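Here are a few exercises to work through with the viewer open. Try each task before you read its solution.

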Number of protein chains: 4
Amino acid sequence: MKECCAVVGIYAPGKDVAVLTYFALYALQHRGQESSGIAVSNGKNIECYKEMGLVSQVFTQEILQRLKGHIAIGHNRYSTSGTSKIHNAQPVILKTHLGTIALAHNGNLINYEHLKKMLLERGLTFATSSDSEVIAKLFALSEADTLEEKISSIMGELRGAYSITMCTPNELIGFRDPLGIRPLCIGKINGGWVISSESCALNTIGAEFIKEIPPGEGVIISQDGLKSFAGRKLKQESLCIFEYIYFARPDSLLNNRSIYSARYNMGRKLAKEWPVEADAVMAIPDSAVPAAMGFSYESGLTYIEGLIKNRYIARTFIQPEDHLRKLGIKLKFNLVVENIKNKKLVVIDDSIVRGNTTKAIVKLLKEAGAKEVHIRITSPPMQHPCFLGVDTATYGELIAANKNISEIADFIGADSLGYLSLEGLMEATGYNREKFCAACFNGEYPLLFDEKIE
Amino acid sequence: MKECCAVVGIYAPGKDVAVLTYFALYALQHRGQESSGIAVSNGKNIECYKEMGLVSQVFTQEILQRLKGHIAIGHNRYSTSGTSKIHNAQPVILKTHLGTIALAHNGNLINYEHLKKMLLERGLTFATSSDSEVIAKLFALSEADTLEEKISSIMGELRGAYSITMCTPNELIGFRDPLGIRPLCIGKINGGWVISSESCALNTIGAEFIKEIPPGEGVIISQDGLKSFAGRKLKQESLCIFEYIYFARPDSLLNNRSIYSARYNMGRKLAKEWPVEADAVMAIPDSAVPAAMGFSYESGLTYIEGLIKNRYIARTFIQPEDHLRKLGIKLKFNLVVENIKNKKLVVIDDSIVRGNTTKAIVKLLKEAGAKEVHIRITSPPMQHPCFLGVDTATYGELIAANKNISEIADFIGADSLGYLSLEGLMEATGYNREKFCAACFNGEYPLLFDEKIE
Amino acid sequence: MKECCAVVGIYAPGKDVAVLTYFALYALQHRGQESSGIAVSNGKNIECYKEMGLVSQVFTQEILQRLKGHIAIGHNRYSTSGTSKIHNAQPVILKTHLGTIALAHNGNLINYEHLKKMLLERGLTFATSSDSEVIAKLFALSEADTLEEKISSIMGELRGAYSITMCTPNELIGFRDPLGIRPLCIGKINGGWVISSESCALNTIGAEFIKEIPPGEGVIISQDGLKSFAGRKLKQESLCIFEYIYFARPDSLLNNRSIYSARYNMGRKLAKEWPVEADAVMAIPDSAVPAAMGFSYESGLTYIEGLIKNRYIARTFIQPEDHLRKLGIKLKFNLVVENIKNKKLVVIDDSIVRGNTTKAIVKLLKEAGAKEVHIRITSPPMQHPCFLGVDTATYGELIAANKNISEIADFIGADSLGYLSLEGLMEATGYNREKFCAACFNGEYPLLFDEKIE
Amino acid sequence: MKECCAVVGIYAPGKDVAVLTYFALYALQHRGQESSGIAVSNGKNIECYKEMGLVSQVFTQEILQRLKGHIAIGHNRYSTSGTSKIHNAQPVILKTHLGTIALAHNGNLINYEHLKKMLLERGLTFATSSDSEVIAKLFALSEADTLEEKISSIMGELRGAYSITMCTPNELIGFRDPLGIRPLCIGKINGGWVISSESCALNTIGAEFIKEIPPGEGVIISQDGLKSFAGRKLKQESLCIFEYIYFARPDSLLNNRSIYSARYNMGRKLAKEWPVEADAVMAIPDSAVPAAMGFSYESGLTYIEGLIKNRYIARTFIQPEDHLRKLGIKLKFNLVVENIKNKKLVVIDDSIVRGNTTKAIVKLLKEAGAKEVHIRITSPPMQHPCFLGVDTATYGELIAANKNISEIADFIGADSLGYLSLEGLMEATGYNREKFCAACFNGEYPLLFDEKIE
């Protein structure tokens, strides 16, 4: 599963905003590892540096020192296999009649092709294939008078997910789509403001969490301080439920609760919904660990470590010889044989997409001597593809769209298989179905393409 | 003096157009050493590679092999000191409603700021600060029906110098501004066509020279063959006279005569206009060598080598210590002392801008024992700045705008100084004043900003 | 604390030995992150590639494909701050009268300066400052007849820690110092042999663990198969106890027991030696996690996650501004506030060197609301520096060499502090004091400089 | 023909010796373009930087600033096609019992394999395949008391060509083989000393030429000033005659005369030895230009430019398609058609090795309309390979070893062909046969392998 992107924005005259943005992006590395970029305004010009790689690989002290100013925005881009290229890295920088602007985007426009076609027909040209360029161009084309009105106006045209940080030479702007599909929050740092995809980044750089930016709203920060504005509103909210299940960092807050506790609750619910007699419970690290602890607490089964994530993780692109083809799982995990051998195990994971990884893990555990392997998943069967930016899979590839649970259990070789119910999942978050997009589970996509946003 | 850029375009199905473009750009390296780029269309997509450096440094066999297709355009960018950046390298690639286009530009728009402002006000955005992006955007905005009409239409808006090669997925286009300020010619290669800034590149890759593209005209090459079209016409022509004096390669043809013979003639005219008793005549290499030979022929003075250009020239950015500050000239030239010592010398150069280089050379020759140094320049005094892309200098810096000839001779330390007359220069080319822009000598700029082009 | 290095050797005609070595080094990445190198012999020449960076950063498919042959050795070098340079990267390649040899070394010679001085005085020269070059040169100088005798002979001269893999054009050699300070084991892969610092690498590449190479012994693998030989023997053994505490991967075996179970046992012993009333027990990840689980099991206290290691760890060299100076710990860990707040916590760590990190963690936990923080360390007070390659600290820097336990508790701000006894530590490994070097705890260094090895 | 290397040494307390060395190497770029390196001693340590590429590409201001000290040596390595690698770049740095030394070498040892074998048998090891490492090791092994004696002692063992600059932490040393095969001279710079392969580098950096270091002698420069010493002497001298013909820069002095005037004289001699009726005389640039002028002077034929070397020369490694295969010559030269067409031409070149290049040039000139092409060569037929470092060719490849002059003329397609006689060549230099190695012409190699040097 591909992860989302991270966006950051900092307005802090007198501080080294590039360095602050660097550490915020570092804290949000889990949301994107393909490329990273920072743009800084000194009130006149906006300088930008972006490159392929992890935050810590992209930036050096020397590069950060060249990025001087009082406003910065930053971006981490998620990793993809093939077509990822440096010219799609963000932030996007464009000269407009309002001066230079920089824009960083987390999300996915579902009417990207439509908007691009419309703009091309008006004679506009595009330098990239990123939807961020479409958003920036709509902004520049808007004939509304104020920044707020311009942003409200483009919210009327955009469909899909967007949590955006943007800067003009003298203003920092953050706004979020009317469905609130991706998170975006705001914090205060001594003498300045921080906008971030997740609250954990505020914590890292010593900023105080203020609030999440509500769906369809935005903020403009300038020398006049912070000004909130209502853009476009919808009755429903649609925060992506996978932020709870997998994407967000465990120590981030969403809707005022920690991701960690939600995941712990998922494990507790799973234990109630899918009890099983076993010797111990373990997790597929990292995201399922809190749920395994919750399962242990609720079921009374001992929590053990059966697989330990490698201390130094770095993706390898080397293709092994045939007889090594199955070493994929072994490269990621250390196997604690004595905790597995002759044990009946409950194994918690966050999701099953195609089923191949789970199958390989079951095989590994059985080969290490596990007597029974009972798979428990902290989410419902994933039966529908995502059109809002999560690169899950097509219908044909999603195992739960093509097999029933017992067939899946057979395929992966598990002695039993249990998925958390959608109700259980919602309860674990403390909120109900109206709050979330759970389209990958129930097929109820939050917005049709031709719906109007008022 | 900064040099112009080079543009190339090749339409040759079945041939390796990237490699052909590479060698054409290699032959045109003298027109630009800062960056180089090639864009290739395979009929669907246009792939582009551009990087800072010389042609031979930018491209490897591996890179060229990735650039597969039947149409290519290429560009060498001239070298500047500071603000040159990779994102201003060319060709420019843009997605438009006509599909992706690539564009390479040699020249300079004098109404760039005006056009950019107008486009920004219409809500358009810019990713670079190159005038090539302005041209590409005007093209995409044109509502004319055909390619020819679109190009004619933007010719009505552009003011200044532009020799352009451009491609759409299936067409190669070349056109030249109505004044014909920069050269552009067309040739035929077995089964295809070549467009090039200078004819020497045709020669290098084995193409046959067909003709120069006349000012204000263009060509479109597609599977239907080559189609010429008249864009916009003006009564005057204004080929930059410095192409003859300095820019173009000696083996290129302009107006059907070789640059070499024009320079040789300049030397002959100089000998008639400014005879002097001396022992020998020498040149400041490279561009003044043919003129020195012409001077020798006409005057009967022996031609000698006093300064030899270093075999391996590569710009150095290392700042020497104070006592080495004057080694600039020494790094460029080898001094042949026995040809200089105790000699009365005529020394030919192509121009004097600020006078500092000439002064340093006179000093070097005198220190090597020259009894007399008589400077002869193959062009008139440069009294006016260029607004069409040649980075000469401001009025304040141009020595001939501030001193008379005798003062200049004093300043540079020469025993005598003679500039070729404008008439002599014209005669050396075989054409008269109507053919050229000689604004740097006579202040007669070819086109006012507010003139209309019909 | 700096980590050791990793060495690998593979003899496997018909297999892609470079790729196998790559994955073995990948599995041993925890033993060194500064540089990585692989040398491969094809029977005639030895080709080597080494570079700064992680295994996955250093090697590409293309580089590995160029390394063709039937024997390979590999090396990961530990990370240091400043003077680390590419020319100290390993393997070392040298041409000798026996042909080219490659050598990779994990360990530290204590008589390096003495040996180097002796060789310099004989007129030899050195290209690096690594002790590997000294070892290779002694080998080349040896006048003994056979490989075994040559190695025995240099064992008589070397003092200190060395686990070495080495190859000649047709032989793979592995040997270990008479004290057995660093581990080295041997495995069998279909049709070939593998030598590795730790058994986990055998597991990763599908090799079968055969045995550890005993201290002072070696193996030579050639087309005649594997031949073991006794080099030099000592009565004592001195495996570095920190392999158990911190260095080795939890799923590696040492002395036939898993590191994981030894660490789990350390936690159980700690709970017995230093019981405390508390609400929960947590670990400083990663190495202390098994001990925290053992402590939980023995004490009955709930095991919780209070700090979670960041999913994407990559060292940063960016210096934050003053007010961010303390963010070091925050960059490494995610804080699970709800598990900490209002809790009396037992916190397990593997060691305290200077005390600063522990102090920062206690502060972080208290600021997050911990009512009490009881630090429990899975090793005794570290009171003596290591001279065998572990970059701990000087006497002056080691907090336990300068303060008693109650003073240390005060310094770090803990409510109580308990160190595991040396006896407890030994018992946790299943072996007694004769087996280990525990000099950093008890000052009993295994070998004086002037002792003879027979 | 491959060129030799360049060596430089500078002793100048208080000056920026790295920058001075940089500009000296820049002036000597014609002697080697493959790699460049500078080593600087600050009295304690020697720091070195070397990399593949031209001097101006290898060094930046930042790199030079890190090279602080009062002694520097530098090296340019000649370019080869395939096996050239960075680890063979020079200077070589080695730690010895005298401290660290750096050594740069121009030349070729003919007993390299013998010396290496001898050292390997003594148990020494080698990190490179360069003969410089052999020289440095012999130096370190020497048991003589003083530096002078050590160098004299190794001169007794070395056979072949070597002009060497070397430094210890506090001494700069230069010495030259007893035959004086490669040049080496010494100059004075305000407060310091410069050693250089050619005098032109002294001139460039403002140093005063003092003298050539005589064959078999050396100098040691330290805080006690410059001390000359006699190493080993032979009756004969054997300066490589190709220094005059091709290698050295025209403005360098050898034996107190300029290379330029020697080449001019070669042309005059040629005109006397091989007169021909023709319309004009031209050169193959660059090295043959002075000879063509001498030929013109002596014969009265007009000197013309028929081929002009490209202003921006940079080797290309791109392989053209088949129909472009012959563009090799075109890439190097601009063809001045009007000077060639319908002319009977004398064409001067410095040598013919295999004949292919000359053949291609004759073809090019004929295709451009030359009526007759008379080739005149400023050296005798090259009939013997060089064993002293000039990569000419084997007997089988040397056209003059396999064909007589009339056959060669046929092969290259010339209307006539004349080689300068060996006597004529010697006279052009002003010295007689005892001064030079002309083995490639007459097969008289200066030193047999087993001769003793006293």
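**Exercise 1.** How far apart do the closest C-alpha atoms of chain B and chain C lie?

*Solution.* Start with the ground rules: this is a predicted model, in which local features need pLDDT of at least 70, side-chain atom pairs count only at pLDDT 80 or more, and totals for chains, interfaces and linings use all residues. Residues are numbered from 1 along each chain as its sequence is written, while chains are lettered from A and ligands numbered from 1 in the order in which they are written. Next, apply the contact test (C-beta atoms, placed from the backbone, within 7 Å). No contact joins chain B and chain C, and their closest C-alpha atoms are 13 Å apart. Finally, try chains A and D: no contact joins them either, with 13 Å between their closest C-alpha atoms.

**Exercise 2.** Describe the side of chain B that touches chain D.

*Solution.* First count: chain B gives 49 residues to the contact and chain D gives 51. Then look for helices (DSSP runs of H or I, at least four residues). The largest share of chain B's side, four residues, comes from α1(B).

**Exercise 3.** How many residues of α5 of chain D are buried?

*Solution.* Use the cut-off for buried: 20 or more other C-beta atoms within 10 Å of the residue's own, with C-beta atoms placed from the backbone. For α5(D), residues 131–141, 11 of 11 pass. Among them are D131(D), F139(D) and L141(D). Then find the cover, which includes α4 (112–121) and α6 (147–155) of chain D.

How values were computed: Contact = placed C-beta atoms within 7 Å. Helix = DSSP H or I, 4+ residues; strand = E, 2+ residues; numbered from the N terminus. Buried ≥ 20, exposed ≤ 12 C-beta atoms within 10 Å, placed from the backbone.
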